[in-house]
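The exercises below are meant to be worked with the sequence and the model open side by side. Try each task before reading the solution that follows it.

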Amino acid sequence: MSSESDNNQGQQSSPRIPDGSQVRLPPDAGLAIDEPHYLHPSSLFFEVFSQIRQYIWPALFGAFGLASGNPFGMGVAGVVLGLSFLVSTIRYFTLRYRIKGDDFIVTEGLLFRRVRSVPVRRIQNVDLIQNVLHRLCSVAVVNIETASGTKPEATLRVLTLAQIEELRESIFGSQRESEVVSARHSIKPPPLVDGVATGTGDESAGQHTQIAKSSVANRNLLLEIPTKYLVLAGLASNRGLVILGVIAGFIFQGENFQFQSWRTFSQQFAKYIPNQLRGDSDFSLVVGVLLLFVLLKIVSAVWYVLRFHGYQLTRLNNDLRVTCGLFTKVSATIPRGRIQFISVHRPILLRPFGLASIRIETAGGSGKEGEDAAATVSRRWFVPVLPDSEVVRLLAELRPGLDWQQDEVHWFGVSKNTGKRLLRLVLLISAAISAFGLLYSLAWGWVFGVAAFVFLFAVAKKKAKSRRYARLPWGVAYQSGLLTRRMSFSFYDRMQTVDCQQSPFDRRWKMASLRIDTAAAGPADHLMQIDYLDEAFAHEQFGQLQTELVAHRPDWN
Amino acid sequence: MSDDRSEAPLSVGVDSHQETGVEPGQENRAADVSDAADGPADAFQRLSPNFVSFERWTGYIVASVLLIVVIPATSPLLWLGGYFWVPWLVIAGWCALAAILLMGAHIWPAIVYRNIVWRLGTTGIEIHRGVLWQHRLAIPLSRVQHVDVAQGPIQRMFDLGTITIHTAGTKNASVELSGLEHAEAMGIRDELIAQRESRDVL
C-alpha cells in the first residue's frame, strides 16, 4: 500500500478522483475489518445497563407502587426489564460490523434485518466514550458520525480498545510509525494490528497497551491542560447553573420542601443556617443567594475538572485526537479536513489570566438533541482553556495555512452611522424607562431613564465598536462581543452560502448585514452574521465572497 | 374580481414582458466571472408572470375562507340591538374586511413579484428577494447538494413549479424558490445537477 501513501505531501495537491471513477479496492487490499466483527461479550451487560437507564423512571414508579402495596406497577417494570434484556440479547447476537470496499457496514436485527452502509469517506468523526465500568473492562462505546442528521450513524456498544484502534485505523487510514507524512486518501493503508479479532478483554489487553504506546509515541502532542487552568475556567464559567437547575428540580419535587413564595423559601432555607447567623429571613435570603453563587462556582469548577481532567490534544498526520475525562473518559478523533469553523473565545473573567478557549464546528452529529460527553468535548469545548499565547500555534495546527498575525490584519469596522442609529434606539428605550420611573415618583422618576441612557449608550457603543470583520487569503475573520470576546474564522472552501440582508431600518440607515452559512453552524456559539455594515461595503463583500466561494472548491478528500 | 389566467393578469404595474435582462438596481454584482457565451443567462430574471395570478388565486381562496369563518362567527353582533344602525355598522365592517382582504390578495402578489429576481450563472444561483426585509442569497454550484422540483395542484393549473435547493449549510440548508415556470424549474435543476461536481463538500 505504500504506493498510495507516498504520492503526496500536502493535502491540496492530492489527486482529485471524481466519485464516478473512484478507484475501487481489490477485495484483498489489506483492509483489516473485511470479515464481520462482533461486539465484545460484555456488550450484553452494558446494553442492558443503558436500556435500564432509559427506563429508570418507569422502574422507580414500579418500585414505588410496590411499596404502597400495588403490584401492578412492579409487573409493568418487570415486563419492561425483561423486554430490554431480550432486545439487548438479540442486538448483541445479531449486530456485526465490517468494512467492505469503501463502505462501513453495520448489520443488525433478527426479525427486521437492518443493514446500514456508510461510505468510509463520509465518516466525519469517530468518538469513544468510556465510563468507569467500561474502563474496568477496558472496553468503550464508539459513536460513528457522518454529516447527516442529529444522531450518530452507528453506535457500537461496546468494543475492546484494540478493536476500536483497529477500526479507527481502517477508517482514517493513519500511517504506521516511521512512515512519511502523506495525504489522507480514500484508499487506506493496512492498520496497525492485523488479525486482532474479537478477543475478550483479557486477551487483548496486552495488545491494547502495546497499541496505545506505539500510537502515543507516534502522535504529535499539541497541548496538555494543567488542572489549575481547568479550575480557573470552571470558576469563570456558569456551567454549574445547569447542574444546579437539575438538583433544584429534584429538591422542589420533594414533599417537605414546597416552593410557595420567596419568603417561605427563605424561611425554609434559614433552617439550614446556623442559629447565630439566623436573624430575619431577608438576611438569610441574602446569605442563601451568596452561598448558592459560591456553590454554583464550585460545581462549575468540579464539572470542568471531571470532564477535562488529563486533557491531551494530539495529532497524527491529519487526525486530531482529544482525550480527557476523570471518570468518564472521552476520546474523540476529528480529521483536520473536517473542521468547518473555528472560534476563539475570551471571557472577561479569563482575560486577566491570559486564558482563552477554542471551539470548533465539524459537520458530524450536529444536532442539539442528546448531546453526549463526546459531543461536548469535541465540539463545544474543543480546547476548554489554554494560554492566549498558544492560540496562534494551535490555530495553525487546526488548519494548515492559518497563519494568524493579529497585528497585520486589516480590520473593517461597522458603519459610521452605527452610533447614531444606536443612539435613537437607546433614546427610545430610556424614554420608556423614564415613563415607568415617573409612574413611581413624579419628582425623581426621570433619574432611572438618564441612568439607563448613560449605561445603555456606553454599552451599545462599545459593542458596536467590538465588531470587526477581516478578509484574509484563506477566509474571513469576525470578532465581536464585550463580555466574552469571540473571534471566529470561516474558510472559503468551507462556506456553503453567502447572504446579505437588509431590514427596513437597515435601509433607512444605508446599512446591511452579511451572513456566512457553514455546515452544522451553532455549537461554537458565534454566528457569522455581521450586522451594521455599510450598505455599499456589504454588497461589495457579498459579490467578492461569491467569487471566492467559486474559486475555492470544497474538496479536501 | 376574477382574473382569467389566459388574459394578461398583471394589471398592477407589472411589466410582464421584461422577464429577461432585468437589472434590479444599483452597483456591482460580481458578475465579472461570466463567460461571454452565457451573457444573457447571467442576467437577473423575474419569476413567471403566472406567479402573480397563482398568488392572487391562493390569496382569494384564503380570504374567502377567512370571511366564511369570520362572518358567521361575528353574526350575533347583528342582533346586538341598541340603536338601529348597529347591524348596518356590522355589515359595513364585513364589507370593509372583505375589501381589504381581497384587495390585499390582489395587490400584494404583484409587489412581491417585482421584488424577486434570480439568476443562474457560472458563479451559481443568486436570489434577491423581499419587500420589507430584503435578502440577497448566493449558492455556488459546488455547494449544491441536491435539488427538488415540486408542483402543487393549483400550481399545475398555472404551469408553475417550486424549486428547492439543498446545501450542506445550516440556516440555508434548503432554499426554496417558487413561482418559476415548471419547465424552467426543471431546466434549472438539470443545469445545477449537471454542473455540480459529484464530490464531497464537507
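**Exercise 1. Describe how β4(B) pairs with strand β5 of chain B, and then place the two strands in their sheet.**

Solution. In this predicted model, begin with the pair itself: β4(B) and β5(B), the latter covering residues 160-167, run antiparallel to each other and are joined over six bridges. To locate the pairing on the chain, take B:A150, whose bridge partner in β5(B) is B:T162. Next, widen the view to the sheet, which is open, has three strands in the order β4-β5-β6 of chain B, and is paired in the antiparallel sense. The edges are then β4 (144-150) and β6 (174-181) of chain B, each of which pairs on one side only. Finally, the average turn of neighbouring strands in this sheet against each other, with direction ignored, is 20°.

**Exercise 2. Work out the strand order of the seven-stranded sheet of chain A, and state which helices pack on this sheet.**

Solution. The order is β7-β6-β5-β11-β10-β9-β8 of chain A, in an open sheet with antiparallel pairing. Because β7 (154-160) and β8 (220-224) of chain A stand at the edges with a single partner strand each, one side of each has no neighbour in the sheet. From one strand to the next, the twist averages 20°. At the β8 end, β8(A) pairs antiparallel with β9(A), residues 312-316, over four bridges, and within this pairing A:E224 stands opposite A:Q312.

Now add the helices. Helix α6 of chain A (residues 161-172) packs on the sheet and touches β5 (125-130), β6 (139-145), β7, β10 (319-324) and β11 (329-335) of chain A, with its direction at about 130° to that of β7(A). Helix α13 of chain A (residues 388-398) also packs on the sheet, where its contacts are with β8, β9 and β10 of chain A, and its direction makes about 140° with that of β8(A).

**Exercise 3. Characterise the interface between chain A and chain B: how many residues are in contact, how much area is buried, and what do the contacts consist of?**

Solution. Start with the counts: 43 residues of chain A contact 33 residues of chain B. Together the two chains bury about 3,300 Å², of which 47% lies on carbon and sulfur atoms. A:Q496, A:Q546 and A:P554 supply 18% of the area that chain A buries against chain B, more than any other three residues.

Then consider which elements take part. On the side of chain A that touches chain B, β19 (495-502), α16 (504-508), β20 (511-518) and α17 (535-551) each supply at least two residues, and the largest share, nine residues, comes from α17(A). By character, the residues on this side divide into 14 nonpolar, 15 polar and 14 charged.

Despite those charged residues, there are zero salt bridges between the chains, whereas 17 residue pairs are in polar contact, both members being at pLDDT 80 or more. Strand pairing also crosses the interface, for β19(A) and β3(B), residues 134-139, pair antiparallel over five bridges; here the partner of A:V498 is B:A138.

**Exercise 4. Explain why the salt bridge between A:E47 and A:R91 ties together separate parts of chain A.**

Solution. Over all chains the structure holds 17 salt bridges, and in one of them the side chains of A:E47 and A:R91 meet at 3.3 Å, N to O. A:E47 lies in helix α2 (residues 43-54) and A:R91 in helix α4 (residues 71-94) of chain A, so the pair links parts that are 44 residues apart in sequence.

Key. Residues numbered from 1 in each chain as written. Chains lettered and ligands numbered in written order. Predicted model: local features only at pLDDT ≥ 70, side-chain atom pairs only at ≥ 80, totals over all residues. Heavy atoms only, no water. Pairing = 2+ DSSP bridges. Axes fitted to C-alpha atoms, helices over the stretch in contact; angles between N-to-C directions. Contact = heavy atoms within 4.5 Å. Buried area = accessible area lost by both parts, 1.4 Å probe. Salt bridge = Lys/Arg side-chain N within 4 Å of Asp/Glu carboxyl O. Polar contact = N/O pair within 3.5 Å; in protein donor to acceptor, adjacent residues only side chain to side chain. Nonpolar A, V, L, I, M, F, W, Y, C, P; charged D, E, K, R; others polar.
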